[in-house]
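Let's walk through this model together, starting where two of its elements meet and working outwards from there.

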Amino acid sequence: MDMRTRLGLLAVSGILATAVPAYGQGLPAGVTQDMVDKGKAVFTGAGNCYACHGQNAQGMLGPTTNLVEHQWLHGDGSYAGIVAYVKKGVSKEESKSGIPMPARGGSNITDEQVNQTAAYVWSISHGKK
């Protein structure tokens, strides 16, 4: 392999290495593993999410409360979409199951905690646990 080919391969591998960071690989832009970890604590604690979605997010009140099935009845499953739904909730009228979800799960969690919870929910619903 000549020097130009080697330099070309090094340049391409350098571009690919910076395109996907090793830490937090697979998480949405702006989401860190620390957010996911803190979000799990909020989900199973102060956020009251576990009351309807269960400790393992596999649901307790019917199929719409299962968050690990990769199917989204409300929103598109994107991180931003999850944040929006946690903040505003789902009214009984717009709920596809008739089961409402109060804004912030009926808790007083902060915007930062909402973002963390959404990071956790995104990670478990997209196969990253």
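Met35, Val36, Lys38, Gly39, Lys40, Val42 and Phe43 in helix 2 meet a set of residues in helix 5 that includes Gln113, Asn115, Ala119, Tyr120 and Ser123. Contact here means heavy atoms within 4.5 Å, and helices are DSSP runs (H or I, at least four residues), numbered from the N terminus. The two helices pack at an angle of about 100°, with their axes 7 Å apart. That makes helix 2 roughly perpendicular to helix 5, a term used for angles of 65 to 115 degrees. The axes are lines fitted to C-alpha atoms over the stretch in contact, and angles run from 0 to 180 degrees between N-to-C directions.

A word on what you are looking at. This is a predicted model, in which local features need pLDDT of at least 70 and side-chain atom pairs count only at pLDDT 80 or more, while totals for chains, interfaces and linings use all residues. Residues are numbered from 1 along each chain as its sequence is written, and side-chain values use heavy atoms, leaving out hydrogens and water.

Now to the interior. The largest nonpolar core has 22 residues, and those with the most contacts inside it are Phe43 and Tyr79. Such a core is a set of buried Ala, Val, Leu, Ile, Met, Phe, Trp, Tyr and Cys residues joined through side-chain atoms within 4.5 Å; buried means under 20% relative accessible area, with a 1.4 Å probe and protein chains only. Helix 2, helix 4 (79–88) and helix 5 (111–125) each give two or more residues to this core, and helix 5 gives the most, with seven.

Tyr79 is worth a click. Leaving aside neighbours within four places in sequence, Tyr79 is in contact with Pro28, Val31, Met35, Asn115, Ala118, Ala119 and Trp122. In helix 4, Tyr79 is buried along with Gly81, Ile82, Val83 and Val86, and the buried residues of this helix pack against helix 2 and helix 5. Helix 4 is followed by Gly89, whose phi is positive, near 80°.

Stepping back, the chain has five helices and zero strands. Buried residues make up 33% of its 129 residues.

How far can you trust it? The mean pLDDT (the predictor's confidence in each residue, from 0 to 100) is 80, and 77% of the residues reach 70 or more. Confidence is highest in helix 2 (residues 33–43), at a mean of 97, and lowest in helix 1 (residues 3–19), at 40. Over residues 5–24 the pLDDT is below 50. Where pLDDT is low, the predicted coordinates should not be read in detail.

Methods. Buried means under 20% relative accessible area, exposed over 50%, partly exposed in between (1.4 Å probe, protein chains only). Angles under 35 degrees count as roughly parallel, over 145 as roughly antiparallel, 65 to 115 as roughly perpendicular and the rest as oblique.
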